[in-house]
Amino acid sequence: MMLHFGTDGMRGVANRELTPSIAFGIGRYLGHGKEERKKVLVGEDPRLSSPMLEAAIVAGLLSSGAEVRRLGVVPTAMISYLMGKDRSFDYGIMISASHNPFEDNGIKVLTKGGEKIATSLEKDIEAFLEGKDGLPLPEGSGLGRVVQGDQEKALFVSYVSSLLDVRACAPKVLLDCANGSDSLYAKEVFEAWGCRVTSINDAPNGTNINNGCGSTHLECLEKALREGNYDLGFAFDGDADRVMGMTGDGRLIDGDSQLFMKALMLKKCGKLPSNTVVLTPMSNLGLLDALSHEGIKAEEVGVGDRNIQLRLLEKGYVLGAEPSGHVIHLDLLPTGDGMISASQVVKCFADDREAFEKAVSFFRYPHYLYNIRFADRAAAEEVMKNPLFLAKKDACEKELAGRGRLYLRASGTEPLLRIYVEALTQEEAERIALDLASAF
């Protein structure tokens, strides 16, 4: 079966579903230019399969005549930032499966300005991969060129380091780098801000990325916070485009809290356009109540940071988030970045403790997320068309009416069906989610 783009690029088990031949084909397609030589940035996360796929993509780009700037291990946001700074780059390619286990890998493609590529281009790439090559192969001086992007990497680190100065407060911060991309950058940046920093899970070996650590395994951060004396803790994911936080006493600072925090700060200084933020159905109902109480409106889009980014650009808004820790601060960067999101939390902690406390303590409806794994994403999507399953879903929604909600979707990055329930009690949320799951 052909591997397709999901909500955050193309993902699959490396060398089984996502092969070097697919990576080469993507490079061939994106590197081809009828007149001018394409200019492309390429980065990767530190998982074992990334160098293999990076080499294949670069080979494809060069065989189509592109000029390639090779960045090595970087956070995804670095590519977005560099493309915003230098609009001569046609594409940015990041090799990463984000929070997935190390066996998986993925390919994310950004276009001019550092934005996600349009779905139409994704379909064009898929059609090219499904057909025969057909593109011309340049020869001689028409072959592509590659250079190392050390200078570009320094630009991004310098930019993020300049966002904050909390030396007067000097918060003590714990960082869980998920043995991912930010293992190379986060400690340096936080120290530049003036934080006192301890980092853990910052020694990637190719197979330990996201392994019992990072933003999807917060028990690791929570345990380390209990054992130390910290003001704040942050856990990144594999490619560092998201972050989850905690207070020193263990209160969660997820994407909902991060969005509320930044919205309060922007509204106070009159820099929140239309007093509106963008979120998805995964945000807690309690956040909607808290935002409304503060006179802040919320617009809902489909799950995925691509949908958030599109709405922000369309309406001229600057702030949107998913509770998983994907937060887009369009006033600072075109896409989400864990370190930039963390910088806004640290800023609020240092400068506006009232807003900070509101954002970490608003009432949240208890929730339960149940994932059902399938052989592939198509099978998960097919279940949602089953009449018996849909009838059961309607019954569960009627039971929740006025006291919670149910959200059902096929994951865009993994072969999972996600059942998410919010209710007045944790027990009720879990019971309804499992009741719906039993309809299979």
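The following exchange examines how certain descriptions of this predicted model are justified.

User: What makes the protein as compact as a globular protein of its length?

Analyst: The protein contains 15 helices and 20 strands. Its radius of gyration is 22 Å, and the globule rule gives 22 Å for 440 residues, so the protein is as compact as a globular protein of that length. Along the principal axes, the C-alpha trace spans about 65 × 60 × 40 Å.

User: What share of the residues counts as buried, and what surface does the protein expose?

Analyst: Of the 440 residues, 57% count as buried, the criterion being a relative accessible area under 20%. The protein exposes about 17,700 Å², of which carbon and sulfur atoms supply 51%.

User: How do you know what share of the contacts joins residues at least 24 apart in sequence?

Analyst: The contacts considered are those between residues at least 6 apart in sequence, and 70% of them join residues at least 24 apart. A contact here requires heavy atoms within 4.5 Å.

User: How far apart are the mean positions of the positive and negative charges?

Analyst: The protein has 50 positive and 62 negative charges, and their mean positions are 3 Å apart.

User: Why are the buried residues of α10 said to line one face of the helix?

Analyst: Helix α10 covers residues 305-315, and its buried residues are Asp 305, Arg 306, Ile 308, Gln 309 and Leu 312. Seen down the helix axis, these buried residues fall within an arc of 160°, so they line one face of α10.

User: What covers the buried residues of α10, and what phi does Gly 316 take just after the helix?

Analyst: The cover includes the strands β1 (5-6), β7 (115-116), β14 (276-279), β16 (319-321) and β17 (327-329), together with helix α4 (119-130). Just after α10, Gly 316 takes a positive phi of about 80°.

User: Why is Phe 128 of helix α4 called buried or exposed?

Analyst: Phe 128 lies in helix α4, one of the elements that cover the buried residues of α10. The relative accessible area of Phe 128 is 12%; the limit for a buried residue is under 20%, so Phe 128 is called buried. The C-alpha atoms of Phe 128 and Gly 113 are separated by 24 Å, with their positions 15 residues apart along the chain.

User: How do you know whether Val 40 is buried or exposed, and which residues does Val 40 contact?

Analyst: Val 40 is found in strand β3, residues 39-44. Its relative accessible area is 0%, which is under the 20% limit, so Val 40 is buried. Leaving aside neighbours within four places in sequence, Val 40 is in contact with Leu 61, Ala 66, Glu 67, Val 68, Arg 69, Phe 89, Tyr 91 and Ile 93. Val 40 and Ser 88 are 48 residues apart in sequence, and their C-alpha atoms are 9.1 Å apart in space.

User: Why is Met 52 called partly exposed?

Analyst: Met 52 is found in helix α2, residues 50-63. Its relative accessible area is 30%, and partly exposed residues fall between the 20% and 50% limits, so the term applies to Met 52. Beyond its neighbours within four places in sequence, Met 52 is in contact with Asn 15 and Pro 20. The C-alpha atoms of Met 52 and Leu 369, 317 residues apart along the chain, are separated by 35 Å.

User: What makes Asp 289 partly exposed?

Analyst: Asp 289 belongs to helix α9, residues 285-293. With a relative accessible area of 45%, Asp 289 lies between the 20% and 50% limits and is therefore partly exposed. A distance of 31 Å separates the C-alpha atoms of Asp 289 and Glu 381, which are 92 residues apart along the chain.

User: What is notable about the phi of Asn 179 and of Ala 240?

Analyst: Most residues other than glycine have a negative phi. Asn 179, however, has a positive phi near 50°, and Ala 240 has a positive phi of about 65°.

User: Where are Asn 179 and Ala 240 found, and why is each called buried or exposed?

Analyst: Asn 179 is in the loop between β9 (172-176) and α6 (186-193). Its relative accessible area is 7%, under the 20% limit, so Asn 179 is buried. Ala 240 is in the loop between β11 (232-236) and β12 (243-247). Its relative accessible area is 0%, so Ala 240 is buried by the same limit of 20%.

Note on methods
Residues are numbered from 1 along each chain as its sequence is written. This is a predicted model: local features need pLDDT of at least 70, side-chain atom pairs count only at pLDDT 80 or more; totals for chains, interfaces and linings use all residues. Side-chain values use heavy atoms; hydrogens and water are left out. Helices (H or I, at least four residues) and strands (E, at least two) are DSSP runs, numbered from the N terminus. The radius of gyration is taken over C-alpha atoms; the globule rule is 2.2 Å times the number of residues to the power 0.38. Buried means under 20% relative accessible area, exposed over 50%, partly exposed in between (1.4 Å probe, protein chains only). Accessible areas come from the Shrake-Rupley method with a 1.4 Å probe; for residues, only the protein chains shown count as cover. Lys and Arg count as positive and Asp and Glu as negative; His and the chain ends are not counted. The place of a charge is taken as NZ of Lys, CZ of Arg, CG of Asp or CD of Glu. The arc is that of the directions from the helix axis to the C-beta atoms.
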